[in-house]
Number of protein chains: 4
Amino acid sequence: VTAPTGVWLVGGRGSVAVTTITGAAALRAGLTAPTGCVSATEPFVSLPLPPVQSLVFGGHDITQSDLPKRAEKLADGGVLPPGLPGLVRDELLAADAEIRPAEGKDIDALTADLVSFRERHGLARVVVINVASTEPRYRPDPAHASWESLRRHRESLPDSSRYACAALLAGCPYVDFTPSTGIRLPGLDELARARGLPYAGSDGKTGETLVKSVLAPMFTRRALRVRSWSGTNLLGGGDGANLADPARAAAKAGSKARVLGDVLADPVEESVHIQHVADLGEWKTAWDHVTFEGFLGARMTLQFTWQGCDSALAAPLVLDLARFMAFAHQVGARGPVPELAFFFKDPIGSTEHSLERQYAELVRWAVEAA
Amino acid sequence: VTAPTGVWLVGGRGSVAVTTITGAAALRAGLTAPTGCVSATEPFVSLPLPPVQSLVFGGHDITQSDLPKRAEKLADGGVLPPGLPGLVRDELLAADAEIRPAEGKDIDALTADLVSFRERHGLARVVVINVASTEPRYRPDPAHASWESLRRHRESLPDSSRYACAALLAGCPYVDFTPSTGIRLPGLDELARARGLPYAGSDGKTGETLVKSVLAPMFTRRALRVRSWSGTNLLGGGDGANLADPARAAAKAGSKARVLGDVLADPVEESVHIQHVADLGEWKTAWDHVTFEGFLGARMTLQFTWQGCDSALAAPLVLDLARFMAFAHQVGARGPVPELAFFFKDPIGSTEHSLERQYAELVRWAVEAA
Amino acid sequence: VTAPTGVWLVGGRGSVAVTTITGAAALRAGLTAPTGCVSATEPFVSLPLPPVQSLVFGGHDITQSDLPKRAEKLADGGVLPPGLPGLVRDELLAADAEIRPAEGKDIDALTADLVSFRERHGLARVVVINVASTEPRYRPDPAHASWESLRRHRESLPDSSRYACAALLAGCPYVDFTPSTGIRLPGLDELARARGLPYAGSDGKTGETLVKSVLAPMFTRRALRVRSWSGTNLLGGGDGANLADPARAAAKAGSKARVLGDVLADPVEESVHIQHVADLGEWKTAWDHVTFEGFLGARMTLQFTWQGCDSALAAPLVLDLARFMAFAHQVGARGPVPELAFFFKDPIGSTEHSLERQYAELVRWAVEAA
Amino acid sequence: VTAPTGVWLVGGRGSVAVTTITGAAALRAGLTAPTGCVSATEPFVSLPLPPVQSLVFGGHDITQSDLPKRAEKLADGGVLPPGLPGLVRDELLAADAEIRPAEGKDIDALTADLVSFRERHGLARVVVINVASTEPRYRPDPAHASWESLRRHRESLPDSSRYACAALLAGCPYVDFTPSTGIRLPGLDELARARGLPYAGSDGKTGETLVKSVLAPMFTRRALRVRSWSGTNLLGGGDGANLADPARAAAKAGSKARVLGDVLADPVEESVHIQHVADLGEWKTAWDHVTFEGFLGARMTLQFTWQGCDSALAAPLVLDLARFMAFAHQVGARGPVPELAFFFKDPIGSTEHSLERQYAELVRWAVEAA
């Protein structure tokens, strides 16, 4: 019998984390199908990824609200089916007991929390995944350019990078599901390689950018020339309130804007606007307006409207990433895992943004590594 | 010096044909870039496809309107740049002189027109492409089940199949750019194989279905469950008026509905509605509404609106197909060429509907065959 | 103390009826605000309309499903707030007990049900409102051209007209909330006038047509010329399934198409398409695409997408109509009440389709009559 | 014979001005119908407004490009019919000769230009209309709070107010077709009243806000509660480039946001985003997303997409305003004319934002005054 796998969620009391934990419990109890879980489809279902059933959840958070209450609120908001939080209350309480306060802790204390979690549960490994709120955009700091220097200045790191650093020091693979700085610093990359740890990121590709990552290659494939691509994102709830801060919105918009530059042949007039609309609750609506040029200069337009629930879109990808990263660690990957680009808006170590080619790459890697 | 290649357009005075001929002349004269021409991009641009410069146009039609006048009308409607028809008037007149009346001709007479065209211009080969109006849906007829039987009943064929039959009898590769029956009869397939002729079809993938062919695989790749997909097509001009006839609309809608069944894992509630809106002229607007289910049953929606000019979208693909089919003939392909599925809503000989995989297949085939 | 007012719902177990009854109970219990109830706003709130608190519900239906169960289903579908059906269970049971089977009854039996309801509850009057499924379009029959003739052929009437006839024979005001024939027969109009009974209809203006009734006047006010107006309606649930029948859809589409002809100065290319999409449940989505011409022939486009819940939109209007019709009866109106055009897609006795002018007319009438 | 009326356009070489002048010439020559001209419809067509035929155009501008060239560019961009600029070249040249450079002129020099224009052409009056680029938002300055003080500080005024001041000093009625400060200063209002001059503004209601001004009252009329209204405006060309400056965009967005506050019963979460998309040329696309609440708290959504040509929408309103303001001056109106609210996003002197009620007010005023 193999040891279970730990999943440590930074932002463990947030909507994405609670949906992930509730969903994993529902899958374990056979209460739902794994809709949205890529790792539950062929060919991955036949590979030796750690089963969802074996995942043990813990995390860090700066708030205190208990998980069953948070899950009830998500059910009221239509994210979780009514009644489900009650059915998996035991699992929610178990995870709740493993979420440690993060406020005021230095990196050593964060590391100790991770080590303690792994040891108390006898876990084969713990995958740390950052699903906390987006931070303002980071300004490059020469102090973080090498591990030697970064180590001495480690308490000056942005929060997301402090968690990443703690993960690596605890020997844990790390995933950035947000556009925050996290592990994207030369000093941390150096550390990960030195410790033989894989990592991946950043910014889970859940909605508007997912659609862009298939539509942009469509234009390229057909030699149609995209002229402008204007996106508007109306975001409710916590994510939207957080992104009402222009500095954080800029970080997010920057991440969203990676796709077109890499996929399209010609430069395009691009904009990404993020607007907080509290009334949308846990939901978001994105409207994208694309102008393009066809044969003999004919001007045409494509618009799309995406109405999605970010937590419901993110949670199965978090489960996928926990499983794929545990697998990557097991098979000895170290440093960035570019084959996981499929999951991210702004993939570390890859400039491939076409969803279909990213998928092919994921399959190839997973099958070969297995 | 290699001999030029003929392109014989069934429906040679229609909007698609006139845009194709005008565009080829504009490309030859260096007046425009090959936007929308897939064969003008890498890796195809490096392969020995017959150059656009070498194409010679002819065709069949049942109307008499002359090409320069038709081109002027398309310029008024915004399909062609104002002024362009005047600049390529000589080429339009040359093509005009090679468009033969089709009214009342038997298959032998149609065949003779093709042979005469090839011989008078010393063409290496003639690719016949059907860009005429969509016919009502065909009812299978046992008389057409073998070449032997079909030959005896050939004058009972639907018009599109009569053109296909003439093409094969004249030794020409054949392309169905419409959803009409055309070459999709066992007797004609038998004839094509016997004569060593390649063919492809059907129904050029120019707009709504093009978008579907990337969005549907996106849902599959992400294990999201599509529940309903409702499409509404507002079509102006000749195409729309023709499709105002419910029997013809049914043929078109049938062709459009192929994508989802083959791409999606689960059955989906699908509808395709076609509406003639004369005021749209040469333009069309499609609105698609998709409902899908994510993790834990969360219900989400994607809508898109496509505002395109069908002739401008079709014409570069017609040039592509002329070049790829001439190439296929040259390298000895016979029967259906499934590797051309990339270009069609309802590809003959292929059940692959994902645009990106179709593209990979096209590249593989063309590079290997070259 | 004035006697209570009865509301008799034809189709009393359908979604609209159940939402109406549940909502009235919630209002009575102070559990909700009267959102969507026009009669609860100024100036109507100051007029002597019968209070919602005094309404007593009954009805006819051909199905047996009990109201609390139907209400639970509506709560599951997101139409009613979860928990509400349980809170008003007593009122639902009370109404349930007053819903009579309609199957196989002749007009006299239907009439007797109404009279019995009024007498048993000591009601001041009973307003009969048809909220049953839409019937196929009616073909005019000379037998229904006068009351004398219609009386002799009354069992040949369409169902909706049989209910209307029964209402009048029982001395009840009548409202057609559907596009079915109902009271729109010369013989029934004659009867209503003879008995001194007011009536109104038809087809409650709840969604797409509501929007049309403000957008179409906007174009007229600005002297902009509408060229085409294409509407697509995706309907889930019972209403959609019923309208999947082309004959019923035609009746509905006809009713929806009244607005433009009366409001716009010039003829317009109009279409209304109705599509059943079971997955939408109790919800509907309408997409309208409008092309219009401005100064110097400039062509422009307006599109809108309406995502609504028909029962939630209809129910407060049913309460409004019950109150306004009781009021009309009380103040002695007889025959059609054109001042209620505000509520209908295809108002009987009025060619006014501008919502704002209809509203002004409603206010004027109600204030003067009070 | 009455004397002709002058129309002095501030920004006389801009797109709106050129479309206005070209259109007036086309109307005079019988080359087009007055589509979009409200004053050309009943009942106004029967009132003694100065005929379009009698209008004489002049203006101020800071650029030198000549009008025929500007008109040709608008024809290339699809705003004017191809060929029209050539047909009205004489009128364009005549207006061109009356457009004076504004650069570096003090208010007295601007005034002198107006007086000279009126005298040289023997005009009954000159209506000054500001159609220049939007200025950054103005910060209230106590120096402008009275005419006495403002006069002494007049060269510190924003440009738009300098033109307004010159208009009043020259005895001309004034219209603000932009959201710039213009005449909206207590000192200028005082001057207008003292000189017996009418004025109106501000910000012509041409697109998104026009639609809002009918949709917002629709919700109110139906007692539906709007929860959020998020607008995104993609603007091409000169207007968009100008509004790419956040300070100017803020001025515009402020003006656009007036409607909801005055029309809706409850506070609403509103946002207006303006994005420059150069590729759109003279066109704009607005997408509005509205969430609203119906009976029993049901949440619903309305979205609309407006694709319009601002110059083509504005020009007929400029002609209307020239005629109505000349009429107002003739009948002795002084100070703001609130009855012209129909034409503006942010009407001076009125809090009425419902288009239909604004229209009724316009009709009442014009008919009574005539």
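Author: The expected span of a helix is 1.5 Å times one less than its number of residues. Keep in mind that this model is predicted.

Reader: How many residues does helix 1 of chain D have, and what distance does it reach?

Author: Helix 1 of chain D covers residues 15-28, which makes 14 residues. From its first C-alpha to its last it reaches 20 Å, close to the 20 Å expected at 1.5 Å a residue.

Reader: Is helix 1 of chain D mostly covered or mostly exposed?

Author: First, the general idea. An α-helix has 3.6 residues a turn, so residues three or four places apart point the same way. Buried means under 20% relative accessible area. Now the case here. Helix 1 of chain D is mostly covered, with 13 of its 14 residues buried.

Reader: Which residue with a positive phi follows helix 1 of chain D?

Author: That residue is Gly30(D), with a phi near 70 degrees.

Reader: Now the chains. What turn lays chain C on chain B?

Author: A turn of 180 degrees, with a shift of 0.0 Å along the axis. The RMSD is 0.0 Å. That is the relation of a two-fold axis.

Reader: Which C-alpha of chain C is nearest the axis?

Author: That of Thr232(C), 3.7 Å from the axis. The same surface serves both copies, as 100% of the contact residues of chain C recur in chain B.

Reader: What turn and shift lay chain A on chain B?

Author: A turn of 180 degrees and a shift of 0.0 Å along the axis, with an RMSD of 0.0 Å. Of the residues of chain A, Phe304(A) comes closest to the rotation axis, its C-alpha at 2.0 Å. Here too the same surface serves both copies: 100% of the contact residues of chain A recur in chain B.

Technical notes
Residues numbered from 1 in each chain as written. Chains lettered and ligands numbered in written order. Predicted model: local features only at pLDDT ≥ 70, side-chain atom pairs only at ≥ 80, totals over all residues. Heavy atoms only, no water. Least-squares fit on C-alpha atoms with pLDDT ≥ 70 in both. Contact = heavy atoms within 4.5 Å. Helix = DSSP H or I, 4+ residues; strand = E, 2+ residues; numbered from the N terminus. Buried < 20%, exposed > 50% of the residue type's maximum accessible area, 1.4 Å probe, protein only.
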